Amino acid sequence: MTRPLRDCLAEYPRIMLEAIGEGWGVALTDEQTDEVVDRLTTEMTNPEVVQIVLKRLSDIEREALAFVAANGQVRAHVMTRNYGDIRRLGPGRLEWEQAWQDPVSPVERLWFLGLLHKAYGVDEVYHGEVFFIPPDLLDALPLMKVALPAFHVEQAPHPPIARDDNDALARDVFAVLAHL
């Protein structure tokens, strides 16, 4: 499903490319879109530049990126539930609001940096939107650890009085069935 970074960037409007360029410290001039895409692709696949950009990410943003990197592609609803959503902004509103300067979630920040991309994909039984990292960009990323969710199950205390109620379950089931 994943496509090369150049193909992903070529689909974006000019303002989105400028937002990505700003995040990577690439000053874009009046170049044609193809030249802009080539410059961004070169910068974004340079491991030294990638390291600089990754250092500016928050812990939760790095965790979200590592989650996608470890899984190849992640269903959009899983990603947005865990790390936030991306606002649906057209090119005009994106330019007017300059939304990349104030992202609303870790996923949106990664998207405005061009580290995450979204497309329609298929896995086992799912057909829908997925987030992915283009393979050439993934090759430039360092090995990242995925934080597994941590939880602790505590044992409930025994009730102070325990009694055997014999056939109470059968009576309760009978009452429910009779009510239905």
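This report walks through the core, the sheet, one buried serine and one open helix of the structure above. Keep in mind that the model is predicted.

**The nonpolar core**

Let's begin inside. The largest nonpolar core has 45 residues, and those touching the most other members are Leu-9, Trp-24, Leu-65, Met-79, Leu-115 and Leu-116. Many helices feed this core: α1, α2, α3, α4, α5, α6, α8 and α9 each supply at least two residues. The top contributor is α2, which gives six. As a general background, nonpolar side chains in soluble globular proteins tend to be buried together.

Leu-115 is a good place to zoom in. Leaving aside neighbours within four places in sequence, Leu-115 is in contact with Trp-24, Val-53, Leu-57, Leu-65, Leu-110, Phe-132, Ile-133, Pro-134 and Leu-137.

**The sheet**

Next comes the sheet, which is open and has three strands in the order β1-β3-β2, with antiparallel pairing. Because β1 (73–75) and β2 (117–123) stand at the edges with a single partner strand each, one side of each has no neighbour in the sheet. On average, neighbouring strands are turned by 45° against each other, direction ignored. Helix α5 packs on this sheet and touches β1 and β3, and its direction makes about 110° with that of β1.

The pairing of β2 with β3 (residues 126–132) is antiparallel and runs over seven bridges. A hairpin of two residues makes the link from β2 to β3. Two of the facing positions are set out here:

| Residue | Opposite residue in β3 |
|---|---|
| Val-122 | His-127 |
| Gly-121 | Gly-128 |

**A buried serine in a loop**

Ser-105 sits in the loop between α7 (91–97) and α8. Is Ser-105 buried or exposed? Its relative accessibility is 9%, so Ser-105 counts as buried, the cut-off being under 20%. The side chain of Ser-105 also reaches the backbone oxygen of Asp-85, at 2.7 Å. Not counting residues up to four places away in sequence, Ser-105 touches Tyr-83, Gly-84 and Asp-85, so Asp-85 appears both among these contacts and as the partner of the side chain.

**A helix in the open**

Finally, consider α10, which covers residues 168–179. This helix has twelve residues and reaches 16 Å from its first C-alpha to its last, close to the 16 Å expected at 1.5 Å a residue. How many of the twelve residues of α10 are buried? The number is one, so α10 lies largely in the open.

Terms used
Residues are numbered from 1 along each chain as its sequence is written. This is a predicted model: local features need pLDDT of at least 70, side-chain atom pairs count only at pLDDT 80 or more; totals for chains, interfaces and linings use all residues. Side-chain values use heavy atoms; hydrogens and water are left out. Helices (H or I, at least four residues) and strands (E, at least two) are DSSP runs, numbered from the N terminus. The expected span of a helix is 1.5 Å times one less than its number of residues. Buried means under 20% relative accessible area, exposed over 50%, partly exposed in between (1.4 Å probe, protein chains only). A nonpolar core is a set of buried Ala, Val, Leu, Ile, Met, Phe, Trp, Tyr and Cys residues joined through side-chain atoms within 4.5 Å. Contact means heavy atoms within 4.5 Å. Two strands pair if DSSP finds at least two bridges between them. Axes are lines fitted to C-alpha atoms, for helices over the stretch in contact, and angles run from 0 to 180 degrees between N-to-C directions. A polar contact is a pair of N or O atoms within 3.5 Å; within protein, one must be able to donate a hydrogen and the other to accept it, and residues adjacent in sequence count only if both atoms are side-chain atoms.
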